[in-house]
Amino acid sequence: MIELPIHDYYPQASQLIYGCMNLGGGWNSDAVTDGDIRQAQEIIETCLEHKINVFDLADIYTFGKAEEVFGKVLKANPSLRKNMMLQTKIGIKLTPTHEVKQYDLSPEWVTTAVNNCLKRLQSDNIDVLFLHRPDPLMDLDDTAEALTKLHKQGKFTHLAVSNMHAAQIAWLQSAISIPIVANQLQMSLEHADFVEETITTNMKEGCNSGFPRGTLEFCEQQNMQIQAWSSLALGKYSGNPGENPTEADVATTKLVSQLANRYSSNANAVVLAWLMKHPINIQPVVGTTNIKRIKECAQAPKLQLSRDDWYLLFEKARGNEVP
Ligand SMILES: NC(=O)c1ccc[n+]([C@@H]2O[C@H](COP(=O)([O-])OP(=O)(O)OC[C@H]3O[C@@H](n4cnc5c(N)ncnc54)[C@H](OP(=O)(O)O)[C@@H]3O)[C@@H](O)[C@H]2O)c1
């Protein structure tokens with residue numbers, strides 16, 4: 001594995017992050033089974049063996065069951081905890097019957113949610129607490145006060161955000177003295193609008209990019225780590241084409257496979273290596289539960305794509321050469 005300097009809030013962190021969204025037996029009300037716990041344990045151990053030591057959770061994943069199985073594995077194997085960095089997210093609220101989805105960063109919900117995470121994770125502390133999504137009804141000062149209190153109580157060490165643009169992060173940081181250390185956004189070879197916004201300034205086609213302009217640059221200037229969710233694009237170019245792939249999808253998949261051969265690697269690693277070539281030093285969050293695919297992903301940090309191949313992949317995926 002190539003040692004790339006990941007943010008100094010956790011210098012030992014791996015560049016790859018394992019995303020636990022699919023652990024816990026699915027998005028249903030079934031109780032966690034022994035099989036779900038065994039699956040989580042096998043995945044955690046495989047990740048650690050392959051030098052993936054950051055685990056990404058959220059209170060809502062599989063309605064709390066992802067954190068629950070993770071906590072059960074930690075309880076049965078306490079030595080695992082010191083070898084990993086645990087991050088979880090709060091701020092999306094699903095009622096007990098899950099009928100009114102909403103974002104909630106009120107002081108009451110933030111406090112309840114953090115305590116619930118710790119209980120399910122059977123841990124005293126969360127290494128990095130993420131605010132999952134911005135809440136339009138948030139009162140900045142009240143939320144900042146609640147977070148500061150939880151931080152002083154040692155319930156989380158670092159604060160981070162997800163799905164936020166530069167101005168939202170700056171606004172939040174203006175009221176809270178705990179540094180915001182990371183931002184997690186959707187980024188992949190398929191969801192490449194973070195590159196589109198870079199190259200289409202002052203062009204009509206740039207208006208179609210959903211990526212908030214200037215956010216990467218802001219995060220870099222503020223020394224914040226960028227993490228990419230759905231980084232494998234759900235396997236779109238590496239074995240899971242979905243229904244009705246476009247001409248561009250087919251061409252990209254073919255190129256990914258050719259590059260996998262040329263670099264003596266595999267398709268999943270090529271898709272991740274494309275993200276990791278970006279100089280902002282992205283941490284891809286991978287959510288496959290397939291052990292073979294996890295091992296393939298773990299090869300990505302060794303794969304250094306050439307500049308030509310990076311652009312070729314980008315061109316194939318967007319269906320056109322760059323302007
Ligand atoms: N911050 C946020 O708002 C946010 C939102 C979504 C996700 N996340 C985080 O990001 C992580 C990853 O996201 P994700 O799971 O949506 O995306 P992903 O890592 O791009 O894809 C994983 C999914 O795609 C399937 N897949 C991947 N490669 C495949 C292949 N070659 N062939 C067949 N199936 C393949 C996996 O199935 P198998 O399990 O069968 O391999 C799994 O269902 C999550 O676990 C979570 O931690 C964060």
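The exercises below work through two helices, a ligand site and several loop residues of one predicted model.

In this predicted model, local features need pLDDT of at least 70 and side-chain atom pairs count only at pLDDT 80 or more, while totals for chains, interfaces and linings use all residues. Residues are numbered from 1 along each chain as its sequence is written, and side-chain values use heavy atoms, with hydrogens and water left out.

**Exercise 1. Helix H4**

Task: Compare the expected and actual span of helix H4, then state which of its residues are buried and what they pack against.

Solution.

Step 1. Helices (H or I, at least four residues) and strands (E, at least two) are DSSP runs, numbered from the N terminus. The expected span of a helix is 1.5 Å times one less than its number of residues. For the 13 residues of H4 (residues 140-152) that gives 18 Å, and the end C-alpha atoms are 18 Å apart, which agrees.

Step 2. Buried means under 20% relative accessible area, exposed over 50%, and partly exposed in between (1.4 Å probe, protein chains only). In H4 the buried residues are Leu140, Thr143, Ala144, Ala146, Leu147 and Leu150. Viewed down the axis of H4, these buried residues fall within an arc of 165°, so they line one face of the helix. The arc is that of the directions from the helix axis to the C-beta atoms.

Step 3. Asp141, Glu145, Lys149 and Lys152 are exposed on the other side of H4.

Step 4. Contact means heavy atoms within 4.5 Å. The buried residues of H4 pack against helix H3 (107-121), strand E6 (126-131), strand E7 (156-162) and helix H5 (166-175).

Step 5. At the N-terminal end, Asp139 caps H4, with a side-chain oxygen 3.2 Å from the backbone nitrogen of Asp141. A polar contact is a pair of N or O atoms within 3.5 Å; within protein, one must be able to donate a hydrogen and the other to accept it, and residues adjacent in sequence count only if both atoms are side-chain atoms. Just after H4, Gly154 has a positive phi of about 80°.

**Exercise 2. The ligand and Leu234**

Task: State how many residues surround the ligand, and describe Leu234, whose backbone is in polar contact with an oxygen atom of the ligand.

Solution.

Step 1. The ligand is surrounded by 29 residues, the closest being Asp56, Ser238, Gly287, Thr288 and Thr289. A residue is near a molecule or strand if one of its heavy atoms lies within 4 Å of it.

Step 2. An oxygen atom of the ligand lies 3.1 Å from a backbone N or O atom of Gly19. A nitrogen atom of the ligand is 3.3 Å from an N or O atom in the side chain of Tyr61. For Leu234, a backbone N or O atom lies 3.0 Å from a ligand oxygen atom. Taken alone the ligand exposes 890 Å², and the protein buries 87% of that.

Step 3. Leu234 sits in the loop between strand E9 (225-229) and helix H8 (247-262). With a relative accessible area of 68%, Leu234 is exposed. Its phi is near 55°, a positive value in a residue other than glycine. Most residues other than glycine have a negative phi.

Step 4. Asn244 is also in the loop between E9 and H8. Phi of Asn244 is near 50°, again positive, and its relative accessible area of 69% makes it exposed.

**Exercise 3. Asn266 and Gln299**

Task: Is Asn266 buried or exposed, and which residues does Asn266 contact beyond its neighbours within four places in sequence?

Solution.

Step 1. Asn266 lies in the loop between H8 and helix H9 (267-276). At 9% relative accessibility, Asn266 is buried.

Step 2. A polar atom of the Asn266 side chain lies 3.1 Å from the backbone nitrogen of Asn268. The backbone nitrogen of Ala269 is 2.9 Å from a polar atom of that side chain.

Step 3. Leaving aside neighbours within four places in sequence, Asn266 contacts Ala260, Glu296 and Gln299.

Step 4. Gln299 is in the loop between helix H10 (291-297) and helix H11 (307-318), and is partly exposed at 30% relative accessible area. With the same neighbours left aside, the contacts of Gln299 are Ser265, Asn266 and Ala269. The C-alpha atoms of Gln299 and Ser265 are separated by 7.3 Å, although the two are 34 residues apart along the chain.

**Exercise 4. Helix H11**

Task: Find the buried residues of H11 and the helices they pack against.

Solution.

Step 1. The buried residues of H11 are Asp309, Trp310, Leu313, Phe314 and Ala317. They cover an arc of only 135° around the axis, which puts them on the same side of H11.

Step 2. These buried residues pack against helix H6 (193-199), H8 and H9. On the other side of H11, Arg307 and Asp308 are exposed.

Definitions and conventions. Accessible areas come from the Shrake-Rupley method with a 1.4 Å probe; for residues, only the protein chains shown count as cover.
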